[in-house]
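Trainee: I am new to this structure and would like a close look at one part, from its surface down to what is packed underneath. Please explain each term as you go.

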Amino acid sequence: MEIGAFAPPTTYRIAPKGTADMVLTFRNIHNWIPVGDEGLKVLFGQVYDSLKPGGVFGVVEHRLPANKAQDAKASSGYMHEAYVIKLAESAGFKLAGKSEINANPKDKADHEGGVWALPPTYGNKDVDRARYEAIGESDRMTLKFVKP
């Protein structure tokens, strides 16, 4: 087993080219937005290159409702699912499946402080805490991509 270094925008060495069976990311893509569209293309391309043919790229990310405007900096922590899919497909991945296992229909992505207002962070401290407890954790997309 080899552990790669992955700290965008400075390091993208996930694994040697064509050696990984799977790459997973959990609630990170919104953190990578500062690298910009070109940087994200490089990033997703590096994930793609690290995988063997048939390799899986799994993504879990806070989901912004399609009818809400995407903040260019994703400062709320939420991302449009269609945007994440487009990024992966532009790198060569094929969308192999979606799951609603991390869905939360109570989360309308309209909180002061974004995803961090919700549990477990409670970024707004005690302000509206009962409301955020009732919502629970963020609504999240769960996507499976495959390298052909």
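**From the surface inward**

Mentor: Let's begin outside, where M22, L24 and F26 make up a nonpolar surface patch with about 330 Å² of accessible area together. A patch is built from residues with over 30% relative accessible area and no salt bridge, joining like charges within 9 Å and nonpolar side chains (Val, Leu, Ile, Met, Phe, Trp, Tyr) within 5 Å. The areas come from the Shrake-Rupley method with a 1.4 Å probe, and for residues only the protein chains shown count as cover. A salt bridge is a side-chain nitrogen of Lys or Arg within 4 Å of a carboxyl oxygen of Asp or Glu.

Please keep in mind that this is a predicted model, in which local features need pLDDT of at least 70 and side-chain atom pairs count only at pLDDT 80 or more, while totals for chains, interfaces and linings use all residues. Residues are numbered from 1 along each chain as its sequence is written, and side-chain values use heavy atoms, with hydrogens and water left out.

F26 belongs to strand β1, residues 20-26; helices (H or I, at least four residues) and strands (E, at least two) are DSSP runs, numbered from the N terminus. F26 counts as exposed because its relative accessible area is 52%, and the cut-offs are under 20% for buried, over 50% for exposed and partly exposed in between, with a 1.4 Å probe and protein chains only.

Next comes R27, in the loop between β1 and α1. R27 is partly exposed, at 33% relative accessibility, and has a positive phi of about 55° although it is not a glycine. Most residues other than glycine have a negative phi.

Now look inside. The largest nonpolar core has 26 residues, of which F44, F57, F93 and F145 touch the most other members. Such a core is a set of buried Ala, Val, Leu, Ile, Met, Phe, Trp, Tyr and Cys residues joined through side-chain atoms within 4.5 Å. Two or more residues each come from β1, α1 (29-32), α2 (36-50), β2 (51-64), α3 (81-90) and β5 (140-146), and α2 gives the most, with five. In soluble globular proteins, nonpolar side chains tend to be buried together.

F44 shows how this core is knit: beyond its neighbours within four places in sequence, F44 is in contact (heavy atoms within 4.5 Å) with I29, F57, V84, L87, A88, A91 and F93.

Helix α1 also holds H30, which is buried because its relative accessibility is 7%. The side chains of H30 and E61 share a polar contact of 2.9 Å. That term means a pair of N or O atoms within 3.5 Å; within protein, one must be able to donate a hydrogen and the other to accept it, and residues adjacent in sequence count only if both atoms are side-chain atoms. Not counting residues up to four places away in sequence, H30 touches E61, H62, K73, A74, G77, M79 and W116.

One of those, A74, repeats a theme from R27: A74 has a positive phi of about 50° although it is not a glycine. A74 sits in the loop between β2 and β3 (79-80) and is buried, at 3% relative accessibility.
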